[in-house]
Amino acid sequence: MSATPLIPTMMPAVGYLQSLPISDAEALIDLALPVPTPGPYDLLVKVEAIAANPVDYKIRQRRAPQSKDGIVSAEVLGWDAAGVVVAIGEAVTGYKVGDAVFYAGALNRPGANSAYHVVDERLVGPKPQSLSFADAAALPLTAITAWELLFDRLQLEQPAPQFKRKVLLVSGAAGGVGSVLIQLAKLKTDAFVIATASRPESQAWVSALGADAVINHQLPLQQELARIGVEQVSHVASLVDTAAYYQQFIDALAPQGKLALIDDPVEALDIRPLKLKSISLHWELMFTRSLFQTPDQIAQQQLLRAVSALVDAGLLKSTAGQHLGVINAANLRQAHTLLEQGSVIGKLVLAGFGDI
């Protein structure tokens, strides 16, 4: 491992020692933790900015910190980061000290809500040069999710002679994933993109990102599709509350259509109604490759490189929505509160730990 002599032994971080409601001041706390040591394929990154995601509060609610010999180890969240490489593992080939990077990382390793963070280089992309660290941190998790959903699961860029035309319905389109997904679908496919949004501000947001049409998900789906002259859709990207719209999606999908989702329905979905139309069901989790160490992990580095290039070419916008200030427990508690309320447009970002 090569390293610089300026790396401290301890660092500020934000985490938790017990699973508590976000209204409790102890739900997320400021910590001082040892700076981690990179493994052979790891980068040690000085974190400049992070973004908050629903996965953060879901893990906080469900994962209790580990304890050994009566001592509890703090759980650190955060799976969106941008920063600068300060040390590399001995097997690293794609990056060097001083490189600016952005990434989402791995769910089974400590998160990036810390001043220094280790991450496998195969999951990391070069930060877009045209973006600040905060605006760059808004992109990785949602860009990977959107990319994999569109191109690995739905294969929306492939020819589809079974349909009169490709019509993609994006349900819950104003959030972080939807904000990137709309842009990628318009940039890289010939699909007609319909976004669902109910509030005027979220409708304006998805329209500005390139949606061809916007419908209100608080009204019956078939009624809203008829209003814009669409009889059937070929693909559905369901990003929130799939169970509430599941039968409506089935009714709206054309024969041989494709339905992809990213959320976690509380009750099991009955797949039997999909059979008559031969509708395929696809689940997307962007952490699958890192969790199972799949042979194609490098695909996430490759797609982040492509995303970075699209941003720097002026074709893809950052989806940063609200900047909540520096990275500390109070500001991250605010982020979790907003995410749990479910009304966030774009991404919530934080930047800087102060003097470290």
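His336 lies in helix α10, which spans residues 329-341. The model is predicted. His336 is buried, because its relative accessibility is 1% and the cut-off for burial is under 20%. Beyond its neighbours within four places in sequence, His336 contacts Ile22, Leu28, Asp56, Tyr57, Arg60 and Leu77.

Ser23 occupies a loop. The loop runs between β2 (10-16) and β3 (29-34). Ser23 has a relative accessible area of 71%, so Ser23 is exposed. Along the chain, Ser23 and Val206 are 183 residues apart. Their C-alpha atoms are separated by 31 Å.

Helix α3 covers residues 140-153, 14 in number. From its first C-alpha to its last, α3 reaches 18 Å. That span is close to the expected 20 Å, at 1.5 Å a residue. Helix α3 is largely enclosed by the rest of the structure, because 12 of its 14 residues are buried. The buried residues begin with Pro140, Leu141, Thr142, Ala143, Ile144 and Thr145. Ala146, Trp147, Glu148, Leu149, Leu150 and Phe151 complete the list. Gln155 comes just after α3 and takes a positive phi of about 50 degrees.

The nonpolar interior was examined next. In soluble globular proteins, nonpolar side chains tend to be buried together. Here the largest nonpolar core holds 103 residues. Leu43, Tyr103, Leu168 and Leu181 have the most contacts inside this core. A second, separate core has 21 residues, including Leu169, Leu221, Phe249 and Leu269. In the largest core, Leu43 was followed further. Residues up to four places away in sequence were not counted. Leu43 touches Pro38, Val85, Ala87, Ile88, Val92 and Tyr95. Leu43 also touches His117, Val118, Val119, Glu121 and Val124.

Cavities were sought throughout the structure. The search finds one cavity of 30 Å³ or more. The volume of the largest cavity is about 30 Å³. Its lining consists of Leu169, Ser171, Thr196, His217, Leu219, Leu221, Tyr245 and Phe249. Two or more of the lining residues come from each of β12 (167-171) and α7 (242-252). By type, the lining has five nonpolar residues, three polar and no charged. Leu169, Leu221 and Phe249 belong to the second core, and Leu169, Leu221 and Phe249 also line the largest cavity.

Key: Residues are numbered from 1 along each chain as its sequence is written. This is a predicted model: local features need pLDDT of at least 70, side-chain atom pairs count only at pLDDT 80 or more; totals for chains, interfaces and linings use all residues. Side-chain values use heavy atoms; hydrogens and water are left out. Helices (H or I, at least four residues) and strands (E, at least two) are DSSP runs, numbered from the N terminus. Buried means under 20% relative accessible area, exposed over 50%, partly exposed in between (1.4 Å probe, protein chains only). Contact means heavy atoms within 4.5 Å. The expected span of a helix is 1.5 Å times one less than its number of residues. A nonpolar core is a set of buried Ala, Val, Leu, Ile, Met, Phe, Trp, Tyr and Cys residues joined through side-chain atoms within 4.5 Å. On a 1 Å grid over the protein atoms alone, a cavity is a set of points where a 1.4 Å probe fits but cannot get out, and a pocket is an open set with protein on both sides within 12 Å along at least five of seven lines; lining residues have an atom within 4 Å of a point. Grid points are joined across faces, edges and corners, and a volume is the space filled by probe spheres set on the points. Ala, Val, Leu, Ile, Met, Phe, Trp, Tyr, Cys and Pro count as nonpolar, Asp, Glu, Lys and Arg as charged, and the others, Gly among them, as polar.
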